[in-house]
Every structure is written in C-alpha cells, then in structure tokens.
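Trainee: Could you take me through one helix of this model in close detail, and then show me what else is worth a look around it?

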Amino acid sequence: MNEDRQDIEALIDLMARLPGLGPRSARRAVLHLIKKRGRLMAPLATQMQLVADTARECVKCGNIGTGDLCGICASEKRAIGEICVVEDVSDLWAMERAGGFKGRYHVLGGTLSALDAVGPEDLRIPTLIQRVIDEQVHEVILALNATVDGQTTAHYISDELAGRCAVTSLAQGVPIGGELDYLDDGTISAALKARKSV
C-alpha cells in the first residue's frame, strides 16, 4: 500500500464494514466524499461525531434517541395501553414512517435463535413482560419478521403474555400493488389463511 494513501485506505476499510457496502461501493463512496470534502465530507464528519457523542438507547423501549427516554416514550400524545413489538430499531422507524400506529414500541434487539444460541434472556423479552404489567397494557402487537426465528419469537412472547393482555400480530400476505405471479408460495399461503370477508 502506498504510504500516501494509508489513511484513505483505512477509511475505505471502515466504510466497507457498513451493511450494504462492499469494498467497491466503499471505495466509490470515499472518492465521492473526498471530491466533495467541503460540502459533504466535513459536515458528515461533524454530524457523525455529534451522533457518536449523543446517541443512546431509550431505557424504556430500546429505540435510539439523545436522551434517557426517546421522543416516542416521552410524548404524552402517544396512546398508552398498546405496545408494538419489533425486532430492531430499523423496524420501529419503518413503522413510524408508515404512520399508522399511535401507541408505544418495544425493541427486542433480535429474535430467538437456537442456531445462534440466542435465548429470551439475551433479548428484551423480560423487560417487555414487566412493561405489560407496570403500564397496564391491554394489547401487544407483534410486528416481527415472517422468518422462522421471527415466528418462534412471536409464539414464545404470546405464550408468556397469555392471560395478561391481548396479543395480536400484523397481517401477512399480498402487498398493495402486488401481483400473484411474482409472489412466493409462502406469501400466497399466508394471504389465503388471513383472508377476510369483502
């Protein structure tokens, strides 16, 4: 490696560790940042440092914010009594973008997985159960991914909360604008089982 490019290569290596970026994409991104260093790279570095200094996990739900409580948990406008359970913060943010849910959230931090030795104590399941009790929750909505691990986690949580509150899950099936010919068999089966009267 050229000595004069050592710092640049180190930046490329760091960028390549980001999800969705491989070595080539990272190289292109770094070269673009260098070309636009005044307008893009310097503000980006400043903002990254600010986020590194201030971002923290919400002590109640696991969302990312800048205080002990995230904006959702701190808001008095959010409905109490309903908790939407998601696997990760990115899922919470996706739900918020959709704008249909006005309650509060709980981020598990992953899913149960026998293969990866992830048990209930490795996730935020015990804190969910405690929240249901403390906050007098009447409904828990499971918004977990339709994977084997996601469904295993949903069944576990449903069993743990039996008798404490209603447990529902997101409907699964044909997306808006979806064509049957392009859907996988599992999606079609789930849509058929979740059918409703018209």
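Mentor: Start with the buried residues of helix 2: they are Ala 26, Val 30 and Leu 33. These three sit on the same side of helix 2, because they cover an arc of only 60° around the axis. That fits the usual geometry: an α-helix has 3.6 residues a turn, so residues three or four places apart point the same way. Keep in mind that this is a predicted model. As for what the buried residues of helix 2 pack against, it's helix 1 (6-16) and helix 3 (37-54). Flip to the face turned away from that buried side and you'll find exposed residues: Arg 24, Arg 28 and Lys 35. The length checks out too: helix 2 (residues 23-35) has 13 residues, which at 1.5 Å a residue should span 18 Å, and its end C-alpha atoms are indeed 18 Å apart.

Now for another buried spot, Ile 72, which belongs to helix 4 (residues 71-74). With a relative accessibility of 11%, Ile 72 falls under the 20% cut-off and therefore counts as buried. Leaving out residues up to four places away in sequence, Ile 72 touches several others, among them Asn 63, Leu 92 and Tyr 105.

Last, have a look at strand 3 (residues 82-86), where four of the five residues are buried. Strand 3 runs parallel to strand 4 (residues 104-107), with four bridges joining them, and the partner of Val 85 there is His 106. To get from strand 3 to strand 4, the chain passes through helix 5 (residues 89-98), making a right-handed β-α-β crossover. Strand 3 also pairs in the parallel sense with strand 5 (residues 139-142), over four bridges, and Ile 83 stands opposite Val 140 there.

Note on methods: Residues numbered from 1 in each chain as written. Predicted model: local features only at pLDDT ≥ 70, side-chain atom pairs only at ≥ 80, totals over all residues. Heavy atoms only, no water. Helix = DSSP H or I, 4+ residues; strand = E, 2+ residues; numbered from the N terminus. Expected span 1.5 Å × (residues − 1). Buried < 20%, exposed > 50% of the residue type's maximum accessible area, 1.4 Å probe, protein only. Arc of directions from axis to C-beta. Contact = heavy atoms within 4.5 Å. Pairing = 2+ DSSP bridges. Right-handed = clockwise from strand over helix to strand, strands pointing away.
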